[in-house]
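Work through the exercises below with the sequence and the structure at hand. Each task is followed by a solution in steps.

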Amino acid sequence: MKYVLDAHTHTIASGHAYNTIREMACAGQSKGLELLGITEHAPAMPGTCHEFYFHNLRIMDRDAYAIPILLGSELNIMDDQGTVDLDTEVLVQLDYNIASLHPPCIPFMNKDRITQAVIHTIKNPNIHIIGHLDDARFEVDYDQVVRAAGEYRTLMEVNNSSMLPTSYRPNARENYKRMLEACEKYRVCIIMNSDAHSDSTVGRHDMSLALIEELGFPEDLIVNTAVEKFKSFIKK
Ligand SMILES: [Zn+2]
Ligand SMILES: [Zn+2]
């Protein structure tokens, strides 16, 4: 399968990532990507950039780098109402937004409450991707969540970093099998993302590709194959 984009990466602005935008774009170019999305952690994540960082992204020239870039955020889902940590006024200015569950930004809660948290998040028109919904510590009802994602045209992410030996999200691969089964059943699109925190992992989808191949997951439900396919989901 040919893939041309990676839409979840972090730079030094996130506080625990190690390269600049320019370095990440060069890495994307050397991997043959046609589009790179940079999504810094939103302000509730300890050590990340201030809200003003996101406000000011409007000054950035998306075409001034080795490959075209998009600038968004990785929001923290904060509670079971799907509250996120940037105001709507900021979210609408960004190219797109991912929302994820991260300790310590949300407490561990039971399956019903986590499922509600994610469904409320999916209903937010300024959120386009649910990031790494694969962590055994946040159990969810994949059937309900994936159905909601289909209804609201939100992409479900398959996160390569979660399946690497360095990951701290337990049981990600097994959870992705369940998520992908629901995505195939309801014909819901997915996006493979590297979640790179350094330039060496930009565009890395090896673990995701192996899983997708093992499951025979349909290629037409994967948006990484064409820039326009991805872009049709960030206009919602
Ligand atoms: Zn991070
Ligand atoms: Zn994350």
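## Exercise 1: The pair H5 and H6

The crossing of H5 and H6 is right-handed. The model is a predicted one.

Task: state which residues make the contact between H5 and H6, and find whether H5 is parallel or oblique to H6.

Solution.

Step 1. On the side of H5, the contact is made by Tyr142, Asp143, Val146, Arg147 and Gly150; H6 supplies Arg178, Met179, Ala182, Cys183 and Tyr186.

Step 2. Sorted by class, the residues in the contact of H5 with H6 are six nonpolar, one polar and three charged.

Step 3. Helix H5 covers residues 142–152 and helix H6 covers residues 172–186; their axes come within 9 Å and cross at roughly 45°. Angles under 35 degrees count as roughly parallel and 65 to 115 as roughly perpendicular. H5 is therefore oblique to H6.

## Exercise 2: The pair H4 and H5

Task: describe how H4 and H5 pack, giving the angle and the distance between their axes, and name the residues in the contact.

Solution.

Step 1. The axes of H4 and H5 are 9 Å apart, and the helices pack at an angle of about 5°. That angle makes H4 roughly parallel to H5.

Step 2. Thr115, Val118, Ile119 and Ile122 of H4 meet Gln144, Val145, Ala148, Ala149 and Tyr152 of H5.

Step 3. This contact of H4 with H5 has seven nonpolar residues, two polar ones and no charged ones.

## Exercise 3: The length and the buried residues of H4

Task: check the span of helix H4 (residues 111–122) against the value expected at 1.5 Å a residue, then say which elements its buried residues pack against.

Solution.

Step 1. H4 has 12 residues, and the expected span is 16 Å. The end C-alpha atoms of H4 are 16 Å apart, so the two values agree.

Step 2. The buried residues of H4 are Ile114, Thr115, Ala117, Val118, Ile119, Thr121 and Ile122. As background, residues three or four places apart in an α-helix point the same way, because there are 3.6 residues a turn.

Step 3. The buried residues of H4 pack against strand S4 (97–100), strand S5 (129–130) and H5.

Step 4. Take Ile122 of helix H4 as a case. Ile122 has 22 C-beta neighbours inside 10 Å and therefore counts as buried. Leaving out residues up to four places away in sequence, Ile122 touches Ile130, Ala148, Ala149, Tyr152 and Thr154. Ile122 and Ala149 are 27 residues apart along the chain, with 6.1 Å between their C-alpha atoms.

## Exercise 4: Two strand residues

Task: for Asn159 and then Ile190, decide whether the residue is buried or exposed, and list its contacts beyond four places in sequence.

Solution.

Step 1. Asn159 belongs to strand S6 (residues 155–159). There are 27 C-beta neighbours inside 10 Å, so Asn159 counts as buried.

Step 2. Beyond four places in sequence, Asn159 touches Gly131, His132, Asp134, Asn193 and Asp195. A further pair to inspect is Asn159 and Arg204: they are 45 residues apart along the chain, and their C-alpha atoms are separated by 9.7 Å.

Step 3. Ile190 is part of strand S7 (residues 190–193). With 25 other C-beta atoms within 10 Å, Ile190 is buried.

Step 4. The contacts of Ile190, without its neighbours within four places in sequence, are Leu155, Met156, Val158, Cys183, Leu221 and Ile222. Ile190 and Ile130 are 60 residues apart in sequence, and 9.6 Å separates their C-alpha atoms.

## Exercise 5: Backbone angles in the loops

Task: give the phi of Arg153 and of Asn171, and identify the residues joined by a cis peptide bond.

Solution.

Step 1. Start from the general case: most residues other than glycine have a negative phi, and most peptide bonds are trans.

Step 2. Arg153, in the loop between H5 and S6, has a positive phi, near 55°. Arg153 is partly exposed, with 16 other C-beta atoms within 10 Å.

Step 3. Asn171, in the loop between S6 and H6, has a positive phi near 65°. Its 13 C-beta neighbours inside 10 Å make Asn171 partly exposed.

Step 4. The cis peptide bond joins Pro103 and Pro104, with omega about 10°. Pro104 lies in the loop between S4 and H4.

Conventions: Residues are numbered from 1 along each chain as its sequence is written. Chains are lettered from A and ligands numbered from 1 in the order in which they are written. This is a predicted model: local features need pLDDT of at least 70, side-chain atom pairs count only at pLDDT 80 or more; totals for chains, interfaces and linings use all residues. Axes are lines fitted to C-alpha atoms, for helices over the stretch in contact, and angles run from 0 to 180 degrees between N-to-C directions. Helices (H or I, at least four residues) and strands (E, at least two) are DSSP runs, numbered from the N terminus. Angles under 35 degrees count as roughly parallel, over 145 as roughly antiparallel, 65 to 115 as roughly perpendicular and the rest as oblique. A crossing is left-handed if the near helix is turned anticlockwise from the far one by less than a right angle, and right-handed if clockwise. Two residues are in contact if their C-beta atoms, placed from the backbone, lie within 7 Å. Ala, Val, Leu, Ile, Met, Phe, Trp, Tyr, Cys and Pro count as nonpolar, Asp, Glu, Lys and Arg as charged, and the others, Gly among them, as polar. A residue is buried if 20 or more other C-beta atoms lie within 10 Å of its own, exposed if 12 or fewer, and partly exposed in between; C-beta atoms are placed from the backbone. The expected span of a helix is 1.5 Å times one less than its number of residues.
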